[in-house]
Amino acid sequence: MTVDTGPAPARRGAISGYSLILPPGWTRIPLRKGTEDAVREVAAETIAYAPEEIPRDDVARFRAQFEGRLLGLARKAAENSGIDLYLPTMPRGEVATPCSIVVSEFRLQVGEGMDPVDVARQLAEGGDAERAVEHISVEGGIGTRSEHVRPADPAKDVNDAARVVDYTIPVPGDPARWLSASFSTPGDGDAEGEFALLLVELFDAIMTTFTWQRRTDG
């Protein structure tokens with residue numbers, strides 16, 4: 001899946017977007033435009049897997065509630081510089097896979113003489129010196145990967161603990177432009193359990209398919 005991240009320098013070869021290869025049953029919700037239409041499509045796809053014995057009124061009510069929750073999630077991600085939301089819509093067996101990926105783009109001016117990798121590390125640590133951060137390579141460029149468990153915080157409408165993995169990547173050729181990919185899952189109710197770790201492995205596998213898209217004109 002190729003995604004245009006918006007206006008880019010007009011020169012030939014400048015970064016204009018990125019692409020990811022998604023597993024079967026995953027979908028993308030764009031956060032800059034077309035969000036509501038995409039949410040309705042995702043809800044329709046998800047409801048299609050509802051057992052036939054469930055009353056139609058219950059299905060319709062669940063669909064409306066699901067659309068509302070999903071639209072709220074998308075809007076929150078957009079408010080935090082999100083450009084795309086990815087999530088699985090096809091259940092495994094009869095169970096939905098509880099995880100999501102948010103790709104965000106932001107601008108951060110790096111001072112002269114500063115190493116973008118050091119900046120990426122500070123961003124990944126998020127003020128938490130105990131957070132595990134490692135360097136990763138994306139098409140020959142260096143970024144960071146961090147992983148931690150975010151505790152539940154009902155006061156902020158976060159009812160479950162979640163395992164969170166963040167990739168922070170400077171955009172080649174533009175030191176002020178950055179991309180992040182953030183994965184989150186509560187697992188099966190245990191953010192430190194085996195199922196959560198398996199889903200993290202899936203996210204890491206998805207990120208191995210990440211490639212930059214470049215302008216071919218200009």
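The following exchange asks how certain terms come to be applied to this predicted model.

The model is predicted, so local features need pLDDT of at least 70 and side-chain atom pairs count only at pLDDT 80 or more, while totals for chains, interfaces and linings use all residues. Residues are numbered from 1 along each chain as its sequence is written, and side-chain values use heavy atoms, with hydrogens and water left out.

Reader: What makes F66 buried or exposed?
Author: Buried means under 20% relative accessible area, exposed means over 50%, and partly exposed lies in between, with a 1.4 Å probe and protein chains only. F66 has a relative accessible area of 17%, and therefore counts as buried. F62, at 38% relative accessibility, falls between the two limits and so counts as partly exposed.

Reader: Why is the pair of F62 and F66 called stacked?
Author: Rings of Phe, Tyr and Trp (its six-membered ring) pair if their centres lie within 6.5 Å, and planes under 30 degrees apart count as stacked, over 60 as edge-to-face and the rest as tilted. The rings of F62 and F66 are 6.0 Å apart centre to centre with 15° between the planes, so both limits for a stacked pair are met. Both residues lie in helix 2 (residues 56-79), four residues apart, about one turn of the helix; helices here are DSSP runs of H or I with at least four residues, and strands are runs of E with at least two, numbered from the N terminus.

Reader: What makes the pair of F210 and W212 edge-to-face?
Author: Here the centres are 5.0 Å apart and the angle between the planes is 90°, which is over 60 and therefore edge-to-face. F210, at 7%, and W212, at 6%, are both buried, and together with Y18 they form one aromatic cluster.

Reader: Which residues touch the most other members of the largest nonpolar core?
Author: A nonpolar core is a set of buried Ala, Val, Leu, Ile, Met, Phe, Trp, Tyr and Cys residues joined through side-chain atoms within 4.5 Å. In the largest one, of 26 residues, they are Y18, F210 and W212. Helix 4 (194-207) is among the elements that give two or more residues to this core, and its five residues are the largest share.

Reader: How do you know that strand 3 and strand 4 pair?
Author: Two strands pair if DSSP finds at least two bridges between them. Strand 3 (residues 26-30) and strand 4 have five, in the antiparallel sense, so the criterion is met. In strand 4 (residues 82-88), seven of its seven residues are buried.
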